[in-house]
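Here is a short briefing on one protein model. Keep the sequence and the structure open while reading.

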Amino acid sequence: MALPAPVPSRVFAELVPAQAPTPLTPAQAGRGGPPAPSGREVHVSGSSELSAGPDRARVSVRLSSRKEAAGAARSSVTRRLEYIAQAARQRGVPVCIIFSDFGKMQNVCNLLIEKLGTSVTISPPHFYHTPEAVDTLRRQVCIAAVENTRRKAQEVCRLFGQSLGKPLLIREEETREWGGHTESHLPNSPDLLTLQERIQNATAYASCRVFTVFEIKGKENRRNKLL
């Protein structure tokens, strides 16, 4: 599922007047310590919000058979189970019936119901996120927020004819997550929900707000500005 574009950032900027550099101590000078800060900085706050649809779905299959003898019933169920496993393998689906391709999931379920009739019962799918997918969403929303602050800080500097320098501070101030399901939390959804409604209910959302401080290098290079 495609992720929506990040929401616009709320940005503020503070142009700190130039200050006399703090001289290095003899110890810092002797070991090549970092240069003293110039005092020219732009402070920017920005946020981002992203969403990610579930990347896994799980269905359970229940088989039943009525025969005069118990052995015949077990044999009938075994044959049906082998057919289910074969149908899944032929379509590149793991036999454990955990799907990452929701289109294949629908095709397999429809085929089993068509071929096995009332002897098979398939539960509605439970959609959820793997831990890897959740971690990816967290990283993406944080990186998007930082990128928003960089772009806005650059725009502020250009407004005053300045050139944006390197980041001096990047601080994650607030993160929020809501919605979505994980493998360990699979709620029993109403049977009347459509497939798309189930996917929407399992969609995860995350937001992040960051605070960054960038160095102001000086006057913007006119040649770069024209480019």
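## Helix α4 and its packing

The buried residues of α4 pack against β1 (41-52), β7 and β8. These buried residues are Val134, Leu137, Val141, Ala144, Ala145, Asn148, Thr149, Ala153, Val156 and Cys157. The model is a predicted one.

**Overall layout**

- The protein has 6 helices and 8 strands.
- Along the sequence, their order is α-β-β-β-α-β-α-β-β-α-β-α-β-α.
- The protein has 227 residues, and 33% of them count as buried.
- Among contacts with a separation of 6 or more, 84% join residues 24 or more positions apart.

**Geometry of α4**

- Helix α4 has 29 residues, so at 1.5 Å a residue a span of 42 Å is expected.
- The C-alpha atoms at its ends are 43 Å apart, which agrees.
- Lys152 and Glu155 form a salt bridge, with N and O 4.0 Å apart.
- Both residues sit in helix α4 (residues 131-159), and because they are 3 residues apart, about one helical turn separates them.
- Lys152 is partly exposed, at 29% relative accessible area.
- Glu155 is also partly exposed, at 48%.

**After the end of α4**

- Phe160 lies in the loop between α4 and β7.
- Phe160 has a relative accessible area of 47%, so the residue counts as partly exposed.
- In sequence, Phe160 and Lys219 are 59 residues apart; in space, their C-alpha atoms are 8.7 Å apart.
- Gly161, just after α4, has a positive phi of about 70 degrees.

**Before the start of α4**

- His129 is in the loop between β6 (126-128) and α4.
- Is His129 buried or exposed? The residue is buried, with a relative accessible area of 2%.
- Which backbone oxygen does the side chain of His129 reach at 3.1 Å? That oxygen belongs to Gly53.
- The His129 side chain also reaches the backbone oxygen of Ala202, at 3.4 Å.
- His129 and Ala202 are 73 residues apart along the chain, yet their C-alpha atoms are separated by 8.1 Å.

**Helix α3**

- Helix α3 (residues 102-116) has 15 residues, so its expected span at 1.5 Å a residue is 21 Å.
- The C-alpha atoms at the ends of α3 are 21 Å apart, in agreement with that value.
- Asp101 caps the N-terminal end of α3. A side-chain oxygen of Asp101 lies 3.0 Å from the backbone nitrogen of Gly103.
- Gly117 follows α3 and has a positive phi, near 60 degrees.
- The buried residues of α3 are Phe102, Met105, Val108, Cys109, Leu111, Leu112 and Leu116.

**The largest pocket**

- The largest pocket holds about 170 Å³ of space.
- Which element gives the most to the lining of this pocket? Helix α3 does, with 5 residues.
- The residues lining the largest pocket include Met105, Gln106, Cys109, Asn110 and Ile113.
- Val59, Ile122, Ser123, Pro124, Pro125 and Leu195 are also among the lining residues.
- Met105 and Cys109 are among the buried residues of α3, and both also line the largest pocket.

**Salt bridges**

- How many salt bridges does the structure hold? There are 9 salt bridges.
- Arg171, Glu173, Glu174 and Arg209 are linked in a network of salt bridges.
- Arg171 pairs with Glu173, the closest N and O atoms being 3.2 Å apart.
- Arg171 is partly exposed, with 38% relative accessible area.
- Glu173 is partly exposed, at 36%.
- The side chains of Glu174 and Arg209 meet at 2.9 Å, N to O.
- This pair links distant parts of the chain, with Glu174 in strand β7 (residues 162-179) and Arg209 in strand β8 (residues 204-219). The two residues are 35 residues apart.
- Glu174 counts as partly exposed, at 36% relative accessibility.
- Arg209 is partly exposed as well, at 27%.

How values were computed: Residues are numbered from 1 along each chain as its sequence is written. This is a predicted model: local features need pLDDT of at least 70, side-chain atom pairs count only at pLDDT 80 or more; totals for chains, interfaces and linings use all residues. Side-chain values use heavy atoms; hydrogens and water are left out. Helices (H or I, at least four residues) and strands (E, at least two) are DSSP runs, numbered from the N terminus. The expected span of a helix is 1.5 Å times one less than its number of residues. Buried means under 20% relative accessible area, exposed over 50%, partly exposed in between (1.4 Å probe, protein chains only). A polar contact is a pair of N or O atoms within 3.5 Å; within protein, one must be able to donate a hydrogen and the other to accept it, and residues adjacent in sequence count only if both atoms are side-chain atoms. Contact means heavy atoms within 4.5 Å. On a 1 Å grid over the protein atoms alone, a cavity is a set of points where a 1.4 Å probe fits but cannot get out, and a pocket is an open set with protein on both sides within 12 Å along at least five of seven lines; lining residues have an atom within 4 Å of a point. Grid points are joined across faces, edges and corners, and a volume is the space filled by probe spheres set on the points.
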